[in-house]
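This report works from the whole chain down to a strand pair and a single side chain. Please read it beside the model shown here.

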Amino acid sequence: MTTRTTQAADTAHETEVLVAGGGLTGLSAAVFLAWHGVAVTVVERHPGTLVHPRARSINPRTAELLRQVGLDDVVGRADGYESQLPSVHMLRAETLAGPETSRVEQRPPVGARDGQRVSPASWGMIDQDRLEGVLRAHAEHLGATVRFGHELVSLDEDATGVRARVRDGVGRPYELRASYAIGADGHASRVREAAGIPLHGPGALSHIVSMVFDADLTGPLRGRHDPGQGAFIASCHLSTPAEGTVLFPHGRPHRWVFNTPMFPERGDTLGDFDDARCTGIIRAAIGVPGLPVTLVPQLPDGTKVLAYRIGAAVAGSFRSGRIFLAGDAAHVMPPTGAFGAGTGIQDAHNLAWKLAAVLRGRAGQDLLETYDTERRPVADFTLGQALLLMHQRGALSIPLPSGHRPAEYDAVVFGYRYRSSAVVADEGDDEDTGAVPPALLRGQPGTRAPHVPVPGSAPASSLDWFGRGFALLVPDGDGAWAAAARTLGDRDLSVHVLGEEGAELHGVSGSGAVLVRPDGFVAWRCHGSSEEPAQVLAGVLDRVGCRAPSM
């Protein structure tokens with residue numbers, strides 16, 4: 001893709017946000033933007049989504065974001081797995097039929113505080129290909145335009161927007177004009193390359209080939225994988241045909257995904273993996289010669305085997321003018337810890353409300369700069385945790401990243417913290433950007449607001465208050481802060497009563513208040529009263545919205 005100035009379009013189209021890439025992050029961006037009422041168009045060069053799971057599950061924090069846009073029930077039951085299986089394991093062995101060399105719990109539990117869950121959401125056992133189908137359908141239901149088989153050729157930027165040259169599935173070019181563009185086009189991002197943004201980090205760690213196959217593995221499984229009976233193998237790490245081989249289930253009976261190392265430095269190419277070779281190495285890994293194996297095409301064109309690079313890198317910036325990077329285009333993470341998919345979805349969620357606020361005139365342009373300020377440190381931190389986990393498991397041959405300390409897993413999932421102009425820190429707050437364990441989330445500015453159960457006929461949470469606009473949380477609905485908020489009727493500000501328990505969980509007294517952003521992160525907190533609450537609140541809204549003072 002180039003950034004040259006394009007000629008006049010054969011056909012002109014208009015949209016507010018153009019998303020390049022129809023994978024997990026791009027489709028998530030389309031859902032979040034469309035949910036905010038933003039006109040969004042997705043272009044993806046592949047004719048359809050991959051028949052390959054890649055990410056295997058959605059962590060609870062990511063599930064919270066999908067819950068916000070009405071997808072909690074769909075994601076929870078999409079693959080037919082129970083969301084809380086009693087036995088989810090990672091196995092190690094020479095072959096699947098052979099003896100195990102180790103077995104460890106794969107999925108860490110969500111932390112608890114005083115016996116109470118810290119989230120209304122659970123781990124969602126849904127493979128990425130199925131989740132992408134859910135996201136695409138929901139994005140289109142919300143009004144997004146999704147175009148598979150359409151390739152972005154060039155992207156130009158000027159003072160008022162971006163101009164993309166796109167080629168459709170039969171090679172016809174057309175022009176698409178947008179106010180902003182999001183590059184969600186993967187680790188080899190053309191958008192990132194065109195914007196001239198470098199990657200920093202270790203880079204390529206290894207290469208694998210991946211295939212999907214159907215086979216009845218009942219015998220070699222020996223009852224270890226039976227979701228109906230509460231037994232579930234999340235992954236099986238095998239040393240045949242080579243160390244680094246991984247087998248895992250693919251959401252339906254007898255369907256499996258098989259990854260094994262490829263060594264380009266030894267002359268390996270993707271073309272070497274024909275049907276006969278793939279069938280042979282699968283049988284060897286299972287440990288059953290002559291096992292009936294059927295390879296499953298992963299792309300509409302019949303492609304059965306794909307090559308992937310396992311890498312570790314973060315882009316030098318997540319923004320260049322009106323162009324933003326998200327997901328693998330912004331950060332490449334190894335699969336250890338299962339952080340990559342969630343981090344990409346969280347990128348899209350952070351960016352979507354900010355673009356919506358700026359496009360609707362509710363925030364200043366500088367709010368968009370906080371996307372990079374907030375999300376890039378999170379990507380650096382999360383990548384560091386993934387590499388530390390690789391080292392702990394003996395799978396990392398490069399030096400450990402400097403400046404990173406191991407963090408509690410749930411702190412990585414829930415406790416990442418933002419420092420930017422869209423957050424007003426408490427007076428005397430330190431500058432430690434480390435993750436906060438869920439038990440210590442107490443409404444600190446820059447952290448995800450605590451979950452407070454809300455009584456009702458269905459499971460409900462204070463997190464359900466967030467999304468459309470800013471929310472002011474007060475212990476008393478008749479207090480001065482609540483009254484002040486009601487005078488600011490033009491600010492898209494809702495008021496919610498925390499009650500005594502909720503106030504304690506948010507670290508405020510009976511006369512305090514907490515301002516929460518649309519993404520559920522605390523923007524500001526006041527521990528007491530004010531002589532001019534309306535003026536203070538208006539000033540804070542202007543400050544975190546990066547716009548000129550209105551009072």
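## The chain as a whole

How much area does the chain expose, and what share of it do carbon and sulfur atoms supply? The chain exposes about 22,000 Å², of which carbon and sulfur atoms supply 50%, with areas taken from the Shrake-Rupley method and a 1.4 Å probe, only the protein chains shown counting as cover for residues.

This is a predicted model, in which local features need pLDDT of at least 70 and side-chain atom pairs count only at pLDDT 80 or more, while totals for chains, interfaces and linings use all residues. Residues are numbered from 1 along each chain as its sequence is written, and side-chain values use heavy atoms, with hydrogens and water left out.

Of the 551 residues in the chain, 57% are buried, meaning under 20% relative accessible area with a 1.4 Å probe and protein chains only. The secondary structure comprises 13 helices and 25 strands, taken as DSSP runs (helices H or I, at least four residues; strands E, at least two) and numbered from the N terminus.

## Strands β9 and β10

Strand β9 (residues 151-157) has five of its seven residues buried, so it is largely enclosed by the rest of the structure. It runs antiparallel to β10 (residues 162-167), to which six bridges join it (pairing requires at least two DSSP bridges), and a hairpin of four residues connects β9 to β10. Glu151 stands opposite Arg167 in β10.

## Ser420

Ser420, in the loop between α10 (409-414) and β22 (470-474), is buried, with a relative accessible area of 15%. Leaving aside residues up to four places away in sequence, Ser420 touches Thr370, Thr373, Glu374 and Arg517, contact meaning heavy atoms within 4.5 Å.

Notes:
Buried means under 20% relative accessible area, exposed over 50%, partly exposed in between (1.4 Å probe, protein chains only).
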